[in-house]
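Reader: Hi! I'd like to understand this model at the bench level, so please choose one part and take me through it closely. A friendly, connected account would suit me best.

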Amino acid sequence: MSEQISALMDDEIAVENAEFLITSIHVNKQASQTWNHYHLIGDAMRGDVALPSDFKQKLMQKIEQEPTVLAPSASQPSVNRTEMLKDKLPARWSIAASFAAVMVVGWMALQQQSQTDSPSAVIEVAEVSTTTNESIPAEYLTAHQSSAPSTSSYYIQSVNYSE
Amino acid sequence: MILTSRVVWAKFLAGITLFALCAMSLTGHASTDDELWIVLQKAAVAARALSYEGIFVCQTAQQSKSVQITHLFDGKNEFARNVVLDGATREVLSQGNNLIIYNQKNEKIVIEKRRGQNMFPAILPLNFDSIRDNYTLHSSTQERVADRQARVLFLEPKDRLRYSYKFWIDSEYGLLLKSVRFNQRSEIIESIGFNRLSLLNSIALDWFTPKIDSKKNYVMEDEPVILPDGKLSVTWEIKELPAGYRKVDQMVRMVPGKPYPIMHMIFSDGLASVSLFIEPTNKSGKTKVALVTTGSTSFYAGVNNGHLVTAVGEVPEATVVQIANAVVISK
């Protein structure tokens, strides 16, 4: 049903052939909501949104009511929360909810991955900071290389030594 | 005709040297360990006594350069020309231990004179005493490098004061084909190896000349100012050097950017070198020390009894710290 509504909006189904669909949108409350939602989404994506004047205020209120996520681990219950909400919400929200769940799970997987990677990541950062922030003073390196050249210094000029 | 006979003579001399080394090994206790050291010593001799040309790649943590090498030993003298093929033009011409670097710096070519004896593939010294004291050697399987069969040897330090090496040595010529240096985390910090190698059949020296760019200005590098030893009003003593490191050179010099003369000493374990600098400082008391490692080079600076003591070299951090801390300054 939703797919057909979407197809009708995108002109993929000719209006003449959609008599049944249009009728069912009028009759079926869920279908008519889907129709409205799809149009709203379309408007939002095109940028011509007609939002109620108090929309921003209401949104900010809702955001303030949301619990603050302080630590990555605290986001874990939000999956359960989403699950709980899903039952109360109309069925069409389930796609959005499952998408959010995938995002959360994916993010958690990323978190875990980066946690296992963290020891080497720390070493890399430390190395970068020593090579970029601190460098060997050019005068000593030049004096050293001119009196006791290392093999590679014959072919590669040390970075510090450039004028 | 004369040229051909000189080639034969050169090869004969190289052969004699190699034979002498083999004979030495036979007269001694010919264990497998000794046999491996002979392979490595032969590589040190072959790099100097053979005539060859090829292209090798030198790679450090920062950069990678291809180098075209022509090396000739005419029975008496060694001649080599190294042309860096990537990036700014750079050519190194050497005769024995004297080398001249033609180094492009912006619109100028700076001519730099150096003394050196560890150019690739002659990175190993002829005297192995201190290497044998500080490293162990073991062999691995055969591998192919630059389309040649090579014997693989690992040179591992006996302590944590130096880096380890992996060498690929040509099974037929005895020449070092590739050398890789590892830090203590077994990461490659320097790799130099042939892509292509062939023996030279002529002893003509027509190639032994730099490629001159008539549009560029050629200038001599400012020679480092070396002063007589008595010019420095500091008495110091070197105590407890890290194992295997010995002083190989010492001079009082001017360093660009420093208004006063500086004591410069060089220490080596046979493969790696560390420079130690002692200079007066007006920073009194305890000043924070600096420790930096980039690629294979470590740097340490600290204040010692009113003097700034600095150590820099292609060694692990612990070695520069120990060498700097070996200095005892008396007022």
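**A close look at chain B and its partner**

Author: Let's begin with how chain B holds together: among its contacts with a separation of 6 or more, 51% are between residues 24 or more positions apart, a contact being heavy atoms within 4.5 Å. Please keep in mind that this is a predicted model, where local features need pLDDT of at least 70, side-chain atom pairs count only at pLDDT 80 or more, and totals for chains, interfaces and linings use all residues. For reading the names, residues are numbered from 1 along each chain as its sequence is written, chains are lettered from A and ligands numbered from 1 in the order in which they are written, and side-chain values use heavy atoms, with hydrogens and water left out.

Chain B contains 21 strands and 4 helices; here strands (E, at least two residues) and helices (H or I, at least four) are DSSP runs numbered from the N terminus. Half of the chain, 50% of its 331 residues, counts as buried. Buried is under 20% relative accessible area, exposed is over 50%, and partly exposed is in between (1.4 Å probe, protein chains only). Chain B exposes about 16300 Å², with 52% of that supplied by carbon and sulfur atoms; this accessible area comes from the Shrake-Rupley method with a 1.4 Å probe, and for residues only the protein chains shown count as cover.

Now to the interface. Chain A brings 28 residues to the contact and chain B brings 53 residues. About 3300 Å² is buried between the two chains, 58% of it from carbon and sulfur atoms, buried area being the accessible area (1.4 Å probe) that two parts lose on being put together, summed over both. Three tyrosines stand out: A:Tyr140, A:Tyr154 and A:Tyr155 supply 26% of the area that chain A buries against chain B, more than any other three residues. There are 0 salt bridges between chain A and chain B, a salt bridge being a side-chain nitrogen of Lys or Arg within 4 Å of a carboxyl oxygen of Asp or Glu. Polar contacts do appear there, with 13 residue pairs across the interface, both residues at pLDDT 80 or more. A polar contact is a pair of N or O atoms within 3.5 Å; within protein, one must be able to donate a hydrogen and the other to accept it, and residues adjacent in sequence count only if both atoms are side-chain atoms.

On the side of chain A that touches chain B, the elements giving two or more residues are helix 6 (93–132) and helix 7 (138–147) of chain A. Helix 7 of chain A gives the largest share, 8 residues. Sorted by class, that side has 12 nonpolar, 12 polar and 4 charged residues; nonpolar covers Ala, Val, Leu, Ile, Met, Phe, Trp, Tyr, Cys and Pro, charged covers Asp, Glu, Lys and Arg, and polar covers the others, Gly among them. The buried residues of helix 7 of chain A are A:Tyr140, A:Leu141, A:Ala143, A:His144, A:Gln145 and A:Ser146. Their cover includes strand 6 (108–115), strand 15 (246–253) and strand 19 (297–304) of chain B.

Strand 6 of chain B leads us to B:Glu112, which lies in it. At 1% relative accessibility, B:Glu112 counts as buried. B:Glu112 forms a salt bridge with B:Arg114, with the closest N and O atoms 3.4 Å apart, and a polar contact of 3.0 Å joins the side chains of B:Glu112 and B:Asn103.

Elsewhere in chain B, the side chains of B:Glu190 and B:Arg181 meet in a salt bridge at 2.8 Å, N to O. B:Arg181 counts as buried because its relative accessibility is 5%. Returning to B:Glu112, salt bridges with shared partners join B:Glu112, B:Arg114 and B:Glu221 into one network.

Another pair is B:Arg132 and B:Asp34, whose side chains meet in a salt bridge of 2.7 Å, N to O. This pair links distant parts of the chain, 98 residues apart, with B:Arg132 in helix 3 (residues 129–134) and B:Asp34 in helix 2 (residues 32–49) of chain B. B:Asp34 is buried at 16% relative accessibility, whereas B:Arg132, at 33%, is partly exposed.

Finally, B:Gln104 sits in strand 5 (residues 98–105) of chain B. The side chains of B:Gln104 and B:Thr89 share a polar contact of 3.0 Å, and a polar atom of the B:Gln104 side chain lies 3.2 Å from the backbone oxygen of B:Asn106.
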